[in-house]
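Work through the exercises below with the sequence and the 3D view side by side. Try each task before reading its solution.

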Amino acid sequence: MKVRRRWHAWAAFTSAIAVLVALPLLPASAEESPSPAATSAADKKVFTVGITQDVDSTNPFTGIAAASFEAYQMMYPTLTEYSAADFSTVPGLAESWEESADKTYWTYKIRPGLKWSDGEPLTARDAAYTFNRVINGDIEQTNYGGYTSTITKAVAEDDTTLVLYVKKPSPIMYQLAVYILPEHIWKDIDGKKVKSYKNEPENGEAVVGGGPYVLIERRKGEYLRFAANPNYYAGKPAADEVVFRVYKNTDAIAEALRKGEVDYANDLSANVFNSLEGAEGITTVPSVYSGFNQIAFNMGAALTDGTPIGDGSKIVLDPQVRLAVAQAIDRQVLADKVYGGFATPGSTVIPPLYTNLHLEPANPVGFDLDAANATLEAAGYTMGEDGVRVSPDGERMSLRLLGRQESSESQKVVEYVKDWLAQIGIEVNVKIVSEDTLYEKVGNGDFDMFEWGWVVEPDPDYQLSTFTCDQRSTEDDGTIYAGLSDSFYCDDEYDQLYEDQKLETDQAKRAEIVKQMQQKLYDSNAYVVTVYYDNPTAYRSDRWTNFTPQPEPDGVLLFQYGTWSYESIEPVTADNADTTSSSGGGVNPALIVVGVVIAAGLVLGGVMIGRRGRSEDDVE
Amino acid sequence: MASDQQTGGAPQGRRAIARARRREALARGWGQFRTRRAGMAGLGILLFFTLSALLAPVLFPPETISVTRATGELLAPPSGEFWLGTDDSGRSMLALLAWGARVSLTVGIAATLISMVIGTSVGIASGHYHGFGGAALQRLTDWVLVIPFLPLAIVLATVLGGGSTVTIIVVIGVTSWAGTARLIRAQTLSVEGRPYLERSRALGSGNWHQMTRHVLPNVFPLVLANTTLTVAIAILSETTLSFLGLGDPLRPSWGATLDQAFSNGAVSAGAWWYIGPPGLCVVLVVLSFTMIGRALEQIVNPRLGGQ
Amino acid sequence: MSLIQDVAGGGGHDPVPGPPPLPRKDKGGKGLSPGASFALRKTGAALGTLFFVLVVNFFLFRLLPGDPIGMYTRGRNVPAEQLAQLRAELDRPILEQFLTYLRNPFSSTIDSAQFNRPVWELVTERIWPTLLLVGTAIVLASIIGVWIGIKAGWKRGKSFDKVSTGVTLTLYSMPEFWLGMILLIVFGVGVLGLPGVFPIGGISTPGVDTSSLAGWLDVAWHMVLPVTTLTLVYLAEYALVMRSSLVDEMDEDYLTTARAKGLSDKFVRRRHAVPNALLPTITLIFLNLGFTVSGAITVETVFSWPGLGLLSYEALRGPDVALLQAIFLLFSIGVVLANLVADLLYAVIDPRVRS
């Protein structure tokens, strides 16, 4: 009797919980688990990309997010493009290009007979308009000033001939990533209006563009919809629509991929990637990427005029200390354990996927704690009683290391580095800060070491400029502004090489200079490049096929320099569509289990309530 | 409790009597506590975790939770070698939990101490002083009580600079005292109404003397019961704040471990051994403090009933 | 007002799970219109709290290290005149700034750094999802929690009481986000070979029109796990409070008398004990909104629920000071107002307070 009553008590309780679970569930389960995304019309082929950071603005002059640039290159053409195979320059809007013999201007031949998406002609005049607008603009300079700094003016000699006059010869002229805009639209948006101009579809009208896709709908924080542009010069792409959907994190995207809500997810964590491997209808690819991460040192923070700033430790100014740190970091372990194998050990600041430019150093520094200890010992750093070395000046080797809040890898890397350096007698005080704070601290020179990284463009100029003396911080009205330099590396010889490569329009000769610069940086250990990381990617191979990696054969599939995959992908044929529908509309076994449990809970609860009622009536 | 003290006798003797009475009350309290099964169970669980925390360095030498010297596979499910599996650096979850117990318990107890000191002082003072000061303290208590805890804690942690264990302790300490203050104030008022305090006042004893010699000993049992309950809240708060990334990532408490698991995609990876055990530890420890606290409360204030 | 009276009827509540504040039982009324004076006192206290919140909110954030303008302008092209305007604003005397702030606390000088939008806009669009989630959970939790509490309290010491008290205490000891993660891993992702059923996050499937019936169902489907999590956590407290307040009520003399007079148990319970015990519980549900806020922050984070809670979590990255400030203010105002409503309602309903 007692046992039974106890059981009833339990039943009542569990049924209460079951009811609670069932309440919101009942209507939904009755509806047969609303399977999303698949609801879009069957005849329209929609390719959906999951993104974590929303496009901040679809106006190419004001957006700064990575996804925004992905949108711009879908919406607007550029003169030339980076090839999918190896980043070499290939025709874009321009069929051909030529530097004048006296190196004072470049001539671009624009494809004839092109049209914007609204049917207006797309000519060299639009290109000239765009370039002049950037050159003479204010806010227009923000995103594209880097490309036009050497250009004095743009002239359209006729509908197919664009001439750009330059101050100095520059290899940048091969790759002007300035999005060519339709003059007939943008001429009405002056320098004042452009700041707040949204450039979004209005009244159901697509944003006029000339790239492979045009923007047809935008919902802030939710999604962007693009439709294939029939007037695109390389032909209308096979995917009718491309949708960028915003998710909170890559976990959510991965799950959406699994459920078929999106077709493509990248930037996946190793765990998530592994969990997707082998999933039905999903293909996973590690994708070689152009980013590297590093441990950087404060090599003497100063303003461009040489005035020292900040509170960096003197200890890391010693090249031998930096060498010892480089010797004490096991890049292979970081690649394997922190990045889950989706990275390769790093060396120089130009990643190896740029085969023409990357230098494999002749004198690689390997992981060797004994050697690191010996290096410090030889340089006069003697071990103290507390296991922390003391510098020849009598200073304890205690260094600060900043990691980034935004990156779980960063937080792990600094923990590993702290651990290793402890083994060579260097005490490390780790602090995790936001990237914003880190940027500020670095700009002010208030650091010893930090962990961060760069994504390197195919043109090495920008990356190499970050080590020039001119890119150190500047001061204006008592406020210090950070330059691009975050190591405060400053070397006259290096600066000279930088100037040389900037003027060298022979690409093979330029590559030689670039390699020399990499060697100099490597020897200085301004950066200990920890890894070149991959971009773990997964996509619905049961729906889409024929992606184009950049570079061949194992590069990234989307978020490339160019729109290669958007143009090449094709929907998988009919027999595969069956697989999709069966997985979407089929009966989910777990749903049955849940349903049964809930039903059981309800029945038990009902019995229980009924019984209670009776027993109480008895009392009454 | 040692309440109504009698007059007469040498001061020395009075104090001795008071001490004896308190000892006696303590023994009686323990006798009562022992009969409460939930309280004893709580004590048992707590002892277990305290021991794990104390013995962590012996059972699991520091190398076992060093990322560079971890020996396990990354994110391996439980096995013979690693009973609770490994985290995403290949470290034994069991070792991490034992070390985490040190942080979680330390933070919980340290924060509670701060909270108790503030709460008891404010409570006694606001009950004792009838003028503007007392009223002001009471208002302050009411205000702090109403402001939602977590947003306030987040804001404070941000201002004080997150990422350190000390910050977490201070933040929890200064945001969780108001409940105690309110309780102690009520008790103080009832104690102050008793005749012997009026006598003491009439005899000209100062405020400080009254508060520390008469009020404090009388509210102390209540403080004690409240302390154990506050530790429970403090540990939960620590877990929450660490989960939000405000703790010290290199000194992993249970909450920080959950943060790690969450932000490293353990949910998607289905790594239940990475998520389940740290939370279970929190539940058990919080539950143990709650059970002890409730048992104590029932002893201190039998009217609360229960059995 | 006498101090003793104030203790019994004092505002606020004890955050520690314990007995609810006992209703005032003192019979000694104060000369004129106690109801009006009570309402006046409570409104005054709420206003005081609001002012305190504003002061804390304003000055605490002025203590932050770093340059708020630098944090905002980084990586953006901010026109010089706007920058100068910002600087001038922050260079004004602190008291003057405070007065401006009091005039409109939500119109921060500085936009949200990470969203690049005015904080007021961000905050307002996130209110509804939170109200939907937390509101549903509170309603469910109060119904179930109170029911469990009544049953446990009435049959004190019986097996239902023991089991339910054990379970509710355990739920009460649980970090709500952990419970959420466990539910997510079991029912969203799927473990040990079982597939996941529920969506793993968000409020709706992207692209589904949320104004249609299908959209509503889709939102409901997304709500299942987060609402379950919050309900389980909230109901624990409600059940515990209801139980202890019923236990208190049953010790009252009138109940013993009623039973002695031969009234049936069921009648006594329905007519006397439960209604009287319900009052402090319902008040507590209101008073305890501060506690539900914590749940909202972490559970929204776990389920990527696009409400104020998730926004708070997002604001921590940076930290996005202007945004944090607005969220803190909004949460506080909400809770203070709810408290005031609870206090006033209580006075209206409870005959003993009205006296």
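**Exercise 1. A helix on a sheet**

Across which strands of chain A does helix H12 (residues 435-443) lie, and at about what angle does the helix run to E19(A)?

Solution. This is a predicted model. Start with the sheet. Six strands of chain A form an open sheet in the order E16-E24-E15-E21-E19-E20, and the pairing is mixed. Next, find its edges. Strand E16 (343-345) and strand E20 (427-433) of chain A each pair on one side only. From one strand to the next, the twist averages 30°.

Now zoom in on one pair. Strand E19 (residues 398-404) and strand E21 (residues 449-455) of chain A run parallel, joined by two bridges. A:Leu401 has A:Met449 in E21(A) as its bridge partner.

Last, add the helix. H12 of chain A lies across E19, E20 and E21 of chain A. Its direction makes an angle of about 140° with E19(A).

**Exercise 2. A four-stranded sheet**

Give the strand order of the open sheet of four strands in chain A, and say whether its pairing is parallel or antiparallel.

Solution. The order is E4-E5-E9-E8 (chain A), and the pairing is antiparallel. Strand E4 (94-99) and strand E8 (151-158) of chain A stand at the edges. Each has a single partner strand, so one side of each has no neighbour in the sheet. On average, neighbouring strands of this sheet are turned by 20° against each other, direction ignored.

Take E4(A) and strand E5 (residues 105-110) of chain A as a sample pair. Five bridges link them in the antiparallel sense. Within this pairing, A:Ser96 has A:Lys109 of E5(A) as its bridge partner.

A helix lies here too. Helix H3 (residues 124-136) of chain A lies across E5, E8 and strand E9 (161-166) of chain A. H3 of chain A runs at about 165° to E8(A).

**Exercise 3. Backbone surprises in chain A**

Which residue follows A:Gln550 across a cis peptide bond? Then examine the backbone at A:Asn199 and A:Asn525.

Solution. The residue is A:Pro551, and omega of the bond is near -5°. The peptide bond from A:Glu552 to A:Pro553 is also cis, with omega near -5°. A:Pro551 sits in the loop between strand E26 (544-545) and helix H16 (564-568) of chain A. A:Pro553 has its place in the loop between E26 and H16 of chain A.

Turn to the asparagines. A:Asn199 is not a glycine, but its phi is positive, near 60°. A:Asn199 lies in the loop between helix H5 (183-186) and strand E10 (213-219) of chain A. Why does A:Asn199 count as buried? Because A:Asn199 has 25 C-beta neighbours inside 10 Å, and the cut-off is 20 or more.

A:Asn525 has a positive phi of about 55° and is not a glycine either. Look for A:Asn525 in the loop between helix H15 (507-524) and strand E24 (527-533) of chain A. A:Asn525 is buried because 24 other C-beta atoms lie within 10 Å.

**Exercise 4. Chain B and its partner**

How many helices and strands does chain B have? Then describe the side of chain C that touches chain B.

Solution. Chain B has 11 helices and zero strands. Its C-alpha trace spans about 75 × 40 × 35 Å along the principal axes. Of the 307 residues in chain B, 55% are buried.

Now cross to chain C. Here 52 residues of chain C are in contact with 49 residues of chain B. H14(C) gives the most to this side of chain C, with eight residues. By class, the side has 36 nonpolar, 14 polar and two charged residues.

**Exercise 5. The core, and the confidence**

Which residues does C:Ile327 contact, leaving aside its neighbours within four places in sequence?

Solution. The contacts are B:Pro151, C:Val123, C:Leu308, C:Leu311, C:Ser312 and C:Ala315. Place C:Ile327 in context. The largest nonpolar core has 340 residues, and C:Ile327 is among those that touch the most other members. Helix H9 (residues 213-250) of chain C provides the largest share of this core, 21 residues.

Finish with confidence. Chain A has a mean pLDDT of 85, and 86% of its residues reach 70 or more. Over residues 1-41 of chain A, pLDDT stays under 50. Over residues 606-620 of chain A, pLDDT stays under 50 as well.

Key:
Residues are numbered from 1 along each chain as its sequence is written. Chains are lettered from A and ligands numbered from 1 in the order in which they are written. This is a predicted model: local features need pLDDT of at least 70, side-chain atom pairs count only at pLDDT 80 or more; totals for chains, interfaces and linings use all residues. Two strands pair if DSSP finds at least two bridges between them. Axes are lines fitted to C-alpha atoms, for helices over the stretch in contact, and angles run from 0 to 180 degrees between N-to-C directions. Two residues are in contact if their C-beta atoms, placed from the backbone, lie within 7 Å. A residue is buried if 20 or more other C-beta atoms lie within 10 Å of its own, exposed if 12 or fewer, and partly exposed in between; C-beta atoms are placed from the backbone. pLDDT is the predictor's confidence in each residue, from 0 to 100. Ala, Val, Leu, Ile, Met, Phe, Trp, Tyr, Cys and Pro count as nonpolar, Asp, Glu, Lys and Arg as charged, and the others, Gly among them, as polar. A nonpolar core is a set of buried Ala, Val, Leu, Ile, Met, Phe, Trp, Tyr and Cys residues joined through C-beta atoms within 7 Å.
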